[in-house]
Amino acid sequence: MPVAVTHVDRKTRTATVALRGDLVIPTAQAMYGQLRGLARRRDVRGVVVDFAGAGRVDSSGIAVVTLVQRMMARSGKRLELTGLGETHRAALELVKHAGVAAEPDNVVPTGLAERIGASVLGYVEAGRELIALVIDIGHQTWQVATRKKALPKGALVEQISRMGADALPIVALLGGLLGTTLAFQGVVLLHRFGAGQFVADMIGLSMVREFGPMMTAIILTGRTGAAIAAELGTMRVGSEIDALATMGVSPTRFLLLPRLAALTFVQPALSLFATFVGIAGGMLIAALAIHVPAGVFWDRVVERVTLMDFCHGIGKSVAFAWIIGLTASHLGMRTTADATSVGNATTRTVVVSVFFIILVDAVVATFASLGGS
Amino acid sequence: MSDVLLACRDVSVGYDDAPVLAHVDLEIHRGEIVTLLGGSGCGKTTLLRAITGLLPPLAGTVTLLDHDMYAQSDDDRRALLRRTGMAFQQDALFSAMTVIDNVALPLRELTKLPETVISEMARIKLALVGLPGLEHRQPASLSGGQRKRAALARASILDPEIIFCDEPSAGLDPIVAAELDDTLRQFRDALGVTIVIVTHELASIRAIADRAIMFGDGRVMATGTVAELEDSADQGVYNFFHARAS
């Protein structure tokens, strides 16, 4: 620790601080406190810091000196440095000539109304960008549909493989578990009233209309939506999207359309797969728990579930696919050039997609029930 | 305290047991500006990674500030590395932080200095590298040269005894590159910092290097002052300095 011997001359109201030892990071805090204390004393008009006995002075020491100097100058006091060695002088001169920027004036804190206003403007801007993106997707889809432009070779198959085939095990596992759980619940309740075989009706309908599409959508949100947002965000950070734009290649057609098209195929397909696996799981539990033969179970499912129910489930699956795809594309493309932004885009994709999936499901279920289907 | 800040003894570096450089012996002395140079892929950056604790050498010992770096515990090695600074080729600034927060990060994490002193130190370092007034900008809004300067400010914020710079002037225009060389020289002259620069920029080597160590063919090809290397009898070294294909 540096020893700072202090002497205050009452006549000249000048404090003299004689430094001993190094003024470096481990000792700077104590020295800062001591000099600041002197600078604030009413009976001190000036401070003389004597470096004759000082050892090494690093940036922290220089920062302490310049801070105290500025503080004293503001209150009309002065700080004088004496006994400077060659190295001390060189370091101080270097800083003096570098022109350190002044501390900015305190920024007035943003008020509540301004924060709300900024937030609303942010949402309006995001909405505008989303509409522009949807229009561009529509335009690029038309270009591809009319064969004026093509999707990148092999991109659609690759995306379907990544989003669909690779997701089969997890969808099968969760679909099967969901079907068995539903069956256990139904069996316990319905068997009590002698209506155990109606568990097939319950499982068939709920898997086809609700759980198949919904569960698959949530898996795809976490697995595929998040991946799309992270991929696009990382590409944005690495200027890959800018590179496409400067080449005159539409990033929407090159990057987004294959993903959106793949999702449109994959989500309903996986939903159907999850539905059948779920029904099979339910069939197994019904057979084991209350001895409903598989044939009877299947007949009841086929009898109860109509083509309309299938269309309902498939329609919702396509809607969910577009919710996931658009959310991931929009948020991924809006990523700014920093790593946190990629993480935010990924997280928000999952949260926003799940929110809208459940919202759309609730709205559709309400209208369907009002319409009697 | 020894005058030799860094020594490599029979060091081999590489990946997957395949050495890129073998049997490297070198010493860096206090207060020197030394350039490690050579053509692309010669292993100079790989050696720098070994020197800075990022890649254990395949063989040999790296002695940094009188300590065998890879014989230290993790905590001791970290303490040793705090006495050094590293400016990466791709600047490695944290994109989500402002410039001043990037520069102040080591102080906030590793010292108990008051925030006013930390902030002042960061401002001083940013002024020294020629970036006053850009404290509250995000790294993404800076030019390549400004980002390299900010990275140098961060590397020097703890007043290290030795600063390593990986390709500091790569991708910069000659004027900005020369300014960066001046800044490095000022750091050495005024603050007494030892500087090790990995580069293959001839203008930069000629401008600031007290000594150069040249690598090629998986070994140290030559060591000496820039003038000595420029007149080297070794054809590979001569060709490098006179920009001739061998």
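# A tour of chain B and its neighbour

Start by selecting helix α5 of chain B, residues 144–156: this helix lies across β6 and β7 (162–166) of chain B, and runs at about 165° to β6(B). Before going on, keep in mind that what you have open is a predicted model.

**Stop 1: the sheet under α5**

Now colour the strands that α5(B) leads you to. In chain B, 6 strands form an open sheet in the order β6-β7-β8-β3-β9-β10, and the pairing is mixed. Which strands stand at the edges? They are β6 (84–87) and β10 (219–224) of chain B; each has a single partner strand, so one side of each has no neighbour in the sheet. Look along the sheet and you'll see that neighbouring strands are turned by 15° against each other on average, ignoring direction.

**Stop 2: walk across the strands**

Select β6(B) and β7(B) together. They pair in the parallel sense, with 4 bridges. To find one of the contact points, click on B:Thr84, whose bridge partner in β7(B) is B:Ile162.

Stay on β7(B) for a moment and show its side chains. How many of its residues are buried? The count is 5 of 5, so to speak a strand that is mostly covered. B:Ile162, B:Phe164 and B:Asp166 point one way from β7(B), while B:Ile163 and B:Cys165 point the other way, and all of these are buried.

Next, add β8 of chain B, residues 194–199. Strands β7(B) and β8(B) also pair in the parallel sense, over 5 bridges. Click on B:Cys165 here: its bridge partner in β8(B) is B:Ile197. To get from β7(B) to β8(B), the chain crosses through helix α6 of chain B (residues 174–191), and this β-α-β crossover is right-handed.

Further along the sheet, pick out β3 (residues 33–37) and β9 (residues 211–216) of chain B, a parallel pair with 4 bridges. A good place to zoom in is B:Leu36, which has B:Ile213 as its bridge partner in β9(B).

**Stop 3: the other sheet**

Hide those strands and bring up β2-β1-β4-β5 of chain B, which is the order of an open sheet of 4 strands with antiparallel pairing. At its edges stand β2 (18–29) and β5 (67–68) of chain B, each with a single partner strand, so one side of each is left without a neighbour in the sheet.

Select β1 (residues 4–15) with β2(B): the two run antiparallel and are joined by 8 bridges. Where does B:Gly14 find its bridge partner in β2(B)? Look at B:Pro19.

Then show helix α1 of chain B, residues 44–51. It lies across β1, β2 and β4 (59–64) of chain B, running at about 120° to β1(B).

**Stop 4: one residue in a loop**

Select B:Leu131, in the loop between α4 and α5 of chain B. Is B:Leu131 buried or exposed? B:Leu131 counts as buried because it has 25 C-beta neighbours inside 10 Å, and the cut-off for buried is 20 or more. Leaving out residues up to four places away in sequence, B:Leu131 touches B:Val99, B:Leu126, B:Gln146, B:Arg149, B:Ala150 and B:Ala153. For a sense of distance, draw a line from B:Leu131 to B:Ala7: they are 124 residues apart in sequence and 34 Å apart in space, C-alpha to C-alpha.

**Stop 5: where the chains meet**

Turn chain A on. Here 24 residues of chain B are in contact with 25 residues of chain A. On the chain B side, α4 (115–128) and α6 each supply at least two of the touching residues. Helix α4(B) gives the most, with 9 residues.

While chain A is showing, colour its two domains: domain 1 covers 3–98 and domain 2 covers 150–371. Their centres, taken over C-alpha atoms, are 68 Å apart.

**Last stop: zoom out**

Go back to chain B as a whole. Chain B has 9 helices and 10 strands, and its C-alpha atoms fill a box of roughly 55 × 45 × 35 Å along the principal axes. Its radius of gyration is 18 Å, which agrees with the value near 18 Å that a compact globule of 246 residues would have. Buried residues make up 45% of the 246 residues in chain B. Of the contacts in chain B between residues at least 6 apart in sequence, 66% join residues at least 24 apart.

Conventions
Residues are numbered from 1 along each chain as its sequence is written. Chains are lettered from A and ligands numbered from 1 in the order in which they are written. This is a predicted model: local features need pLDDT of at least 70, side-chain atom pairs count only at pLDDT 80 or more; totals for chains, interfaces and linings use all residues. The radius of gyration is taken over C-alpha atoms; the globule rule is 2.2 Å times the number of residues to the power 0.38. A residue is buried if 20 or more other C-beta atoms lie within 10 Å of its own, exposed if 12 or fewer, and partly exposed in between; C-beta atoms are placed from the backbone. Two residues are in contact if their C-beta atoms, placed from the backbone, lie within 7 Å. Two strands pair if DSSP finds at least two bridges between them. Axes are lines fitted to C-alpha atoms, for helices over the stretch in contact, and angles run from 0 to 180 degrees between N-to-C directions. Domain bounds come from an automatic or database domain assignment. A crossover is right-handed if, with the strands pointing away from the viewer, the path from the first strand over the helix to the second runs clockwise.
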